[in-house]
Amino acid sequence: MSQVLPSSIAAELFAGRADAIADAARDLALAGWTPATSSNFSMRIDAEHAAITISGRDKGKLGRDDIMLIDMQGKAVGTDARPSAETELHTQIYRRLPQMNVVLHTHSRTQSVASRLFAKEGVVLLEGWELQKAIAGETTHEAALAIPVFPNTQHMPELVAQVDAWLDSGKPLHAYLINGHGIYTWGRDMAETRRHLEALEFLLGCELDLRRLSA
Ligand SMILES: CSCCC(=O)C(=O)COP(=O)(O)O
Ligand SMILES: [Zn+2]
């Protein structure tokens with residue numbers, strides 16, 4: 001894949017973002033959270049651009065050539081490669097939440113099962129777990145942390161509209177599940193975003209165990 005960068009973006013900057021995405025993806029794939037080429041990852045480059053995974057690649061084996069540049073409308077910049085099929089969900093976060101610089105989306109078994117189990121309620125309410133404090137801005141296990149579950153659709157604008165509606169309501173949003181699909185979460189940097197993803201994976205697993213044990 002040949003990537004021609006705009007003159008405003010240094011090659012080292014893009015390469016650094018690509019390496020950070022590939023490193024994170026490798027770890028998440030090793031954890032089994034990116035089966036069968038699923039999942040996608042991105043990092044903001046500047047106000048107008050982000051680096052994102054090319055669609056359909058094995059997320060456990062990414063190199064620099066598997067990451068491409070897009071603009072904040074989700075259009076490829078300087079390449080003919082096809083960005084992730086879910087690019088609009090990434091650019092939406094960068095446009096709506098300007099402090100966020102990384103978006104991670106995975107398809108772990110726990111995330112997938114939880115999304116199905118909680119789809120009717122439309123939300124997973126996390127309450128009473130100390131690990132809620134791993135989410136930026138959450139300071140106590142006593143608060144309820146809502147993770148919405150949106151219906152899945154192959155039509156990205158519908159998903160974007162569901163996320164927009166939640167954000168427009170003014171309710172906090174740190175992550176969301178898509179029914180039968182997986183999770184999206186984000187953060188100010190890669191470390192924070194990975195912490196969010198790990199914490200949510202753990203907390204969703206706990207909720208599933210509670211349901212199983214109290215059945
Ligand atoms: C084979 S997984 C179906 C698509 C998907 O949900 C996903 O996360 C990966 O899509 P991409 O286009 O980003 O590779
Ligand atoms: Zn997906």
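In this predicted model, Asp 46 of strand 1 pairs up with His 49, its bridge partner in strand 2. The two strands belong to a hairpin, and just 2 residues link strand 1 to strand 2. Strand 1 covers residues 40-46 and strand 2 covers residues 49-53, and the pair runs antiparallel over 4 bridges.

Strand 1 has another partner as well. It is joined to strand 4 (residues 102-106) by 4 bridges, again with the strands antiparallel. Here Phe 41 meets Leu 104 of strand 4 as its bridge partner. How many of the 7 residues of strand 1 are buried? The count is 6, so the strand is largely enclosed by the rest of the structure.

Next comes the nonpolar core. In soluble globular proteins, nonpolar side chains tend to be buried together. The largest such core in this model holds 49 residues, and the members that touch the most others are Ile 21 and Ala 51. Helix 1 (residues 11-30) is the biggest giver to this core, putting in 8 residues. Ala 51 itself is in contact with a string of residues, leaving aside those up to four places away in sequence. Among them are Phe 14, Arg 17, Ala 18 and Ile 21, along with Ser 42, Met 43 and Ile 45. Ile 67 and Leu 69 are also on the list.

What about the ligand? Ligand 1 is surrounded by residues that include Ala 36, Thr 37, Ser 38, Ser 39 and Asn 40. Thr 53, Ser 55 and Gly 56 are there too, as are Ser 84, Ala 85, Glu 86 and His 105. Sorted by class, this shell comes out as 9 polar, 2 nonpolar and 1 charged residues.

The helices further along the chain offer a simple check. Helix 4 has 13 residues (156-168), and at 1.5 Å a residue it should span 18 Å. Its end C-alpha atoms are indeed 18 Å apart, so the expected and computed values agree. Just after helix 4 sits Gly 170, with a positive phi of about 90°.

Finally, there is Arg 212, part of helix 5 (residues 190-213). Is Arg 212 buried or exposed? A residue counts as exposed if 12 or fewer other C-beta atoms lie within 10 Å of its own. Arg 212 has 9 within that distance, so it is exposed. Its C-alpha atom is 13 Å from that of Thr 110, although the two residues are 102 apart along the chain.

Note on methods:
Residues numbered from 1 in each chain as written. Chains lettered and ligands numbered in written order. Predicted model: local features only at pLDDT ≥ 70, side-chain atom pairs only at ≥ 80, totals over all residues. Near = placed C-beta within 6 Å. Nonpolar A, V, L, I, M, F, W, Y, C, P; charged D, E, K, R; others polar. Buried ≥ 20, exposed ≤ 12 C-beta atoms within 10 Å, placed from the backbone. Expected span 1.5 Å × (residues − 1). Core = buried A, V, L, I, M, F, W, Y, C linked by C-beta atoms within 7 Å. Contact = placed C-beta atoms within 7 Å. Pairing = 2+ DSSP bridges.
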